[in-house]
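I opened the model to look up its nonpolar core, one bent helix and a residue on that helix. My notes follow the structure.

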Amino acid sequence: MSQARTPGKALIPAAILLLAVTAGQAGAAPPPAPGGTLPLAPTGGANLAVTVQILLLLTALTLAPAFVILMTSFTRIVVVLGFLRQALGTQQSPPTQVLVGLALFLTIFIMGPVWETVNQTALQPYLKKEMSQEQALIAAAGPLKEFMLRQTREKDLLLFVEMANISVPSTEADLPIRVVIPAFIVSELKTAFQIGFMIYIPFLILDMVVASVLLSMGMMMLPPIVISLPFKLMLFVLVDWWALHVGTLVRSFA
């Protein structure tokens with residue numbers, strides 16, 4: 001079984017390649033041959049092109065976190081994990097860093113096949129100079145766009161198509177990426193809130209039962225959360241909720 005490559009393995013070679021190309025273009029001129037004449041200084045247009053390339057590369061690296069958060073499965077996972085912590089009532093346990101780290105590695109696991117396809121169809125041909133930069137970008141956007149369309153509701157797509165004032169294409173593959181991305185984000189948030197509602201139900205029932213028992217015993221000054229929290233943790237452990245919850249999240253992207 002081939003191992004899916006991580007985004008770092010896919011992005012770092014491209015960044016190094018582009019920096020090497022730009023550095024080679026912007027490097028110092030070679031020394032003149034014996035008895036020869038000095039080479040002409042590079043023109044301002046070449047230096048300007050190299051500067052623009054480096055600026056675009058730095059801009060892409062700056063926007064990389066936004067791409068990882070909003071164009072992958074990260075959004076749904078981290079929102080659902082936040083709902084789970086609130087439903088448990090454990091305040092800051094697990095810590096936010098742990099939830100974000102778990103969401104990140106689950107995202108790498110889920111997006112592995114997509115990144116492997118991007119690496120085979122776009123990155124490797126570009127590194128081998130078999131396609132131009134524009135062709136590589138178009139080829140890389142295909143698998144990612146296909147993944148987002150599988151998770152996006154048709155209602156959300158139609159909403160952004162209408163707001164973009166464009167005609168409805170014959171197939172979803174013909175939709176522009178500027179329409180697919182916001183529709184995907186809205187669909188992911190809606191799905192995450194639906195899962196969060198289902199997570200809240202058993203813990204809410206447990207809180208109501210504990211509050212009713214305390215009220216019937218006349219212990220109105222005792223906060224129900226003090227009694228219900230140990231029972232929530234016991235229920236969470238007995239049903240092995242972490243494995244169940246993570247497995248459900250991963251299968252929701254199938």
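I began with Met148 and listed its contacts (heavy atoms within 4.5 Å): Met148 touches Met71, Ile177, Val180, Ile181 and Phe184, with residues up to four places away in sequence not counted. I keep in mind that this is a predicted model, in which local features need pLDDT of at least 70 and side-chain atom pairs count only at pLDDT 80 or more, while totals for chains, interfaces and linings use all residues. Residues are numbered from 1 along each chain as its sequence is written, and side-chain values use heavy atoms, with hydrogens and water left out.

I then looked up the largest nonpolar core (buried Ala, Val, Leu, Ile, Met, Phe, Trp, Tyr and Cys residues joined through side-chain atoms within 4.5 Å, where buried means under 20% relative accessible area with a 1.4 Å probe, protein chains only). This core has 36 residues, and Met148 is among those with the most contacts inside it, along with Ile77, Phe147 and Phe203. Helix 7 (177–216) is one of the helices that each supply at least two residues, and helix 7 gives the most, with eight; helices here are DSSP runs of H or I, at least four residues, numbered from the N terminus.

Next I checked helix 4, which bends by about 55 degrees at Met111, with Pro113 following within four residues; the bend is the angle between axes fitted to the seven residues ending there and the seven starting there.

Last I turned to Thr121, which lies in helix 4. Thr121 counts as partly exposed because its relative accessibility is 36%, between the 20% and 50% limits. Beyond its neighbours within four places, Thr121 is in contact with Met131, Ala139 and Pro143.
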